[in-house]
Amino acid sequence: MFLIRSANSNVYFRCIEKSYPSLLPQATVIVIFHNEAKSTLLRTIESVINRSPPQLLRKIVLVDDNSDNEELFGPLQEHLEKLPIPSRIVRTGERVGLIRARLFGAEEAAKDKMDGVLIFLDAHVEVTKGWLPPLLAEIASDRSRVIVPVIDSVSHETFEYEPIEDDHERGGLDWKLLHFWIGAGGRRISEDESDAFPTPTMIGCAFAIDREFFYASGSYDEQMKIWGGENVEMSVRIWRCGGSLLKAPCSRIGHVYRVTTPHSIPGGVWAKVETAAANTARFAQVWLDPNYLNFYYMMNPSAKSLDIGDLTSRLKLRDDLKCHSFQWFLDHVYPDSGFPNKVDYVGQVRLIMISVDNMQCFIVIAPICSRYRCNRWTLRSASMPLAREARRECEYVMASVAFKRSC
Ligand SMILES: [Mn+2]
């Protein structure tokens, strides 16, 4: 597999015709890695260099979060020295996790010049032709915009580039406060399908943000550990504290969705689950209104016993920035969320049947009620083309209804 290839991206015809201002802010690309395969990491970097207008790319900062793979030292360093764009590698020295490593990279990025745009990329992506100007142009017109590209898929087996079908998908928030993909929704702000559009949340593997705004809006919650939940925290915070999160359909990036975890965690898989859960619980405690926080603990009773650390600085940030409430976020940014604002009862899905053939969900639910007699509902809903997504959508549709009816 060559490091450099011409990746296919099926951009809209209008993207090719689009013109961008000649004066755009410069980007510093920050890539965090931990024992990434050298070839995958270099494909990320080479694609950035080959598919970005050189005048728009200031430098590349690589942050090594305590790798022990030898080819990520001497051989990687040698490769970087030959690159036409300044590329620097900094090493954390101990395992600090994605969140703190990104903060580390942002500090390094600001050492020469304070202005410009930070672009955080996973170490296993491949940017496509034309990916950069759409991101920078949105930020040039409003520095409080955080911009995400369309995330296509790169096969982890063959490295084939696979454009996603619906590039107007948005990021949502499920009832466990995790990111998931949702449809375009009815909220079109423009008739031109190549224009950037609002998305409630981002997946986190690639985004662009003005450097000053990154810090002014609270960068990251430093007490979140390793990985997990930080993407949702940032998304919701950006919206609620004076910014916005948009997706630019003319900017496309391929991402290798891995089968195993990209961020190994000392302590194994249970430590990983618990770390991500504690990060999410920190987000819930700081950013949910009391009724939604109550609902979150009903859905996640085990979250109550997690050690989530001290919240003082994040609560102060929320107050200092005079951020809107979670209710405001739901009303203005995510009206199709289905989050219930008053919950008397939490039920459970007993049985889901999915007919993949005719793309429909048939759901039978038997809510669990301790003290009251419950109805048994049978619902039917439109579905998604993939079984995995259908399952999710079905649960979601079902659950919304279940919560709206009391037993
Ligand atoms: Mn990734």
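Which residue in β3 stands opposite V61? R88 does. The views below show this pairing and its surroundings in a predicted model.

**View 1. Overview of the chain.**
The protein chain has 407 residues, and 40% of them are buried. Its secondary structure comes to 12 helices and 15 strands. Take the contacts between residues at least 6 apart in sequence: 80% of these join residues at least 24 apart.

**View 2. Strands β2 and β3 pair side by side.**
β2 covers residues 57-64. β3 covers residues 87-91. The two strands run parallel and share 5 bridges. Within this pairing, V61 faces R88. Helix α3 (residues 74-81) carries the chain from β2 to β3, and this β-α-β crossover is right-handed.

**View 3. S87 in strand β3.**
S87 belongs to β3. Is S87 buried or exposed? S87 counts as buried, because it has 20 C-beta neighbours inside 10 Å, and the threshold for burial is 20 or more. Leaving aside neighbours within four places in sequence, S87 contacts I45, K59, I60, L62 and L80. L62 is 25 residues away from S87 along the chain, yet their C-alpha atoms are separated by 7.5 Å.

**View 4. Strand β1 is covered on both faces.**
β1 spans residues 27-33, and 7 of its 7 residues are buried. A27, V29, V31 and F33 point one way. T28, I30 and I32 point the other way. Both sets are buried.

**View 5. β1 pairs with β2 and with β4.**
β1 and β2 run parallel and are joined by 7 bridges. V31 has L62 as its bridge partner in β2. Between these strands the chain passes through helix α2 (residues 38-50), in a right-handed β-α-β crossover. β1 also pairs with β4 (residues 117-121), again in parallel, over 5 bridges. Here I30 stands opposite F120.

**View 6. The surroundings of I30.**
Which residues touch I30, apart from its neighbours within four places in sequence? The contacts are V61, V63, R102, G105, A106, A109, L118, I119 and F120. F120 is also the residue opposite I30 in β4.

**View 7. The largest nonpolar core.**
This core has 80 residues. I30, I119 and I147 have the most contacts inside it. Helix α8 (residues 268-287) gives the largest share, 7 residues. Where does the core lie with respect to domain 1 and domain 2? It lies between them, because domain 1 (13-256) and domain 2 (269-323) both give residues to it.

**View 8. Strand β11 pairs with β4.**
β11 covers residues 206-210. All 5 of its 5 residues are buried, so the rest of the structure largely encloses this strand. A206, A208 and D210 lie on one side, with F207 and I209 on the other. β4 and β11 run antiparallel and are joined by 5 bridges. I119 has A208 as its bridge partner in β11.

**View 9. Helix α7 is enclosed.**
Why is α7 described as largely enclosed by the rest of the structure? The helix spans residues 230-240, and 11 of its 11 residues are buried, so the description follows. The buried set includes charged-letter names such as E230, E233, R237 and R240. It also includes V232, M234, V236, I238 and W239. G242 follows α7 and has a positive phi, near 100°.

**View 10. The buried side of helix α9.**
Helix α9 covers residues 290-299. Y292, F295 and Y296 are buried. These residues lie on the same side of α9, because they cover an arc of only 105° around the axis.

**View 11. S22 in the loop before β1.**
S22 sits in the loop between α1 (13-17) and β1. It counts as exposed, because it has 6 C-beta neighbours inside 10 Å, and the limit for an exposed residue is 12 or fewer. P133 is 111 residues from S22 in sequence. In space, their C-alpha atoms are 9.7 Å apart.

Key. Residues numbered from 1 in each chain as written. Predicted model: local features only at pLDDT ≥ 70, side-chain atom pairs only at ≥ 80, totals over all residues. Helix = DSSP H or I, 4+ residues; strand = E, 2+ residues; numbered from the N terminus. Pairing = 2+ DSSP bridges. Right-handed = clockwise from strand over helix to strand, strands pointing away. Contact = placed C-beta atoms within 7 Å. Core = buried A, V, L, I, M, F, W, Y, C linked by C-beta atoms within 7 Å. Domains from an automatic or database assignment. Arc of directions from axis to C-beta.
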